[in-house]
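Visitor: I would like a close look at one part of this model, the sheet and what surrounds it. Could you take me through it slowly?

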Amino acid sequence: MSTTRRTGVAGAVVGAAAAGIGWAARDYRRWKALGPGGVPANPVGWLAVSGMRLRAREPYTWRQAGSGDVDRALLTLPPRAGERPEVGPYPVPHRVLTQHADQAQVAALQDVVEEFAGREGLEMRTSGWEKHHPALWRVGEGGRTAEIGHVHPGDGSMHVALSPLDARVVVARRWGEFHPLAGVMLGLPEGYVLLYSPRNETEIGHLRSILEAAAR
């Protein structure tokens, strides 16, 4: 190989490596800007999430329907108006990038979740998936627990665990989308859904109906 050709190959390799490093640095900053989630907010956490992205599923693809009927709280759920918000490409933390709720709406939605915690068999505990936020849990016989849902305080979106059939209804009516790892890993059930942030009081009411179905 001539000296000129070797120099050209070396330059291409160095250029590709520099481009890769630049992309990784930008992607890491975008990921970290989403705030805390279920993995450490450091390069190790980013590498773990990068591996998870390889197993991510399309957010509108139907999972298993399961059995039973659609929960009665969802029978009159209308379609969500307008376009879906943009959602980040990272499975963890899984967040909306546009159409954020304001802080008053976030607080009102959190009040709804905490109101549910006053019911028998339901209580607030730290989210087992997010690790940082309070979540609504069901506590059963023998101390068995199941996380129902939690609000993301930064944008007002929510994660809820629905029955697979109820999750289909919610996704089809554009109130949310499947978590990319639902039914794949991290112990996320098939019906694990990201609910979009509320834009007004009426939408908070509809999210209450979805949480009602999740709690049942």
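Guide: Happy to; here is a walk through the sheet, followed by the loop, the pocket and the confidence.

This is a predicted model, in which local features need pLDDT of at least 70 and side-chain atom pairs count only at pLDDT 80 or more, while totals for chains, interfaces and linings use all residues. Residues are numbered from 1 along each chain as its sequence is written, and side-chain values use heavy atoms, with hydrogens and water left out.

The chain has five helices and six strands, taken as DSSP runs numbered from the N terminus (helices H or I, at least four residues; strands E, at least two). Along the sequence they follow the pattern α-α-α-β-β-β-β-α-β-β-α.

Now the sheet: six strands form an open, antiparallel arrangement in the order S1-S2-S3-S4-S6-S5, where two strands pair if DSSP finds at least two bridges between them. At the edges, S1 (122-126) and S5 (176-178) each pair on one side only. From one strand to the next, the twist averages 30°; axes here are lines fitted to C-alpha atoms, for helices over the stretch in contact, and angles run from 0 to 180 degrees between N-to-C directions.

Inside the sheet, S2 (residues 134-139) and S3 (residues 145-151) run antiparallel and are joined by five bridges. Trp-137 stands opposite Glu-147 in S3. Helix H4 (residues 164-172) packs on the sheet and touches S5 and S6 (192-195), its direction making about 130° with that of S5; contact means heavy atoms within 4.5 Å.

Next, the loop between H2 (43-53) and H3 (103-116), where Pro-93 is found. The peptide bond from Val-92 to Pro-93 is cis, with omega near -10°. Gln-99 sits in the loop between H2 and H3 too, and its phi is near 55°, a positive value in a residue other than glycine. Most residues other than glycine have a negative phi, and most peptide bonds are trans.

Val-92 returns at the largest pocket: among the 17 lining residues, Gly-38, Val-92, Trp-129, Glu-130 and Leu-186 lie nearest its centre. A pocket is an open set of points on a 1 Å grid over the protein atoms alone, where a 1.4 Å probe fits, with protein on both sides within 12 Å along at least five of seven lines; lining residues have an atom within 4 Å of a point.

Finally, confidence: pLDDT (the predictor's confidence in each residue, from 0 to 100) averages 90 over the chain, and 91% of the residues score at least 70. Over residues 9-16 pLDDT stays under 50, and the model has zero contacts there beyond four places in sequence.
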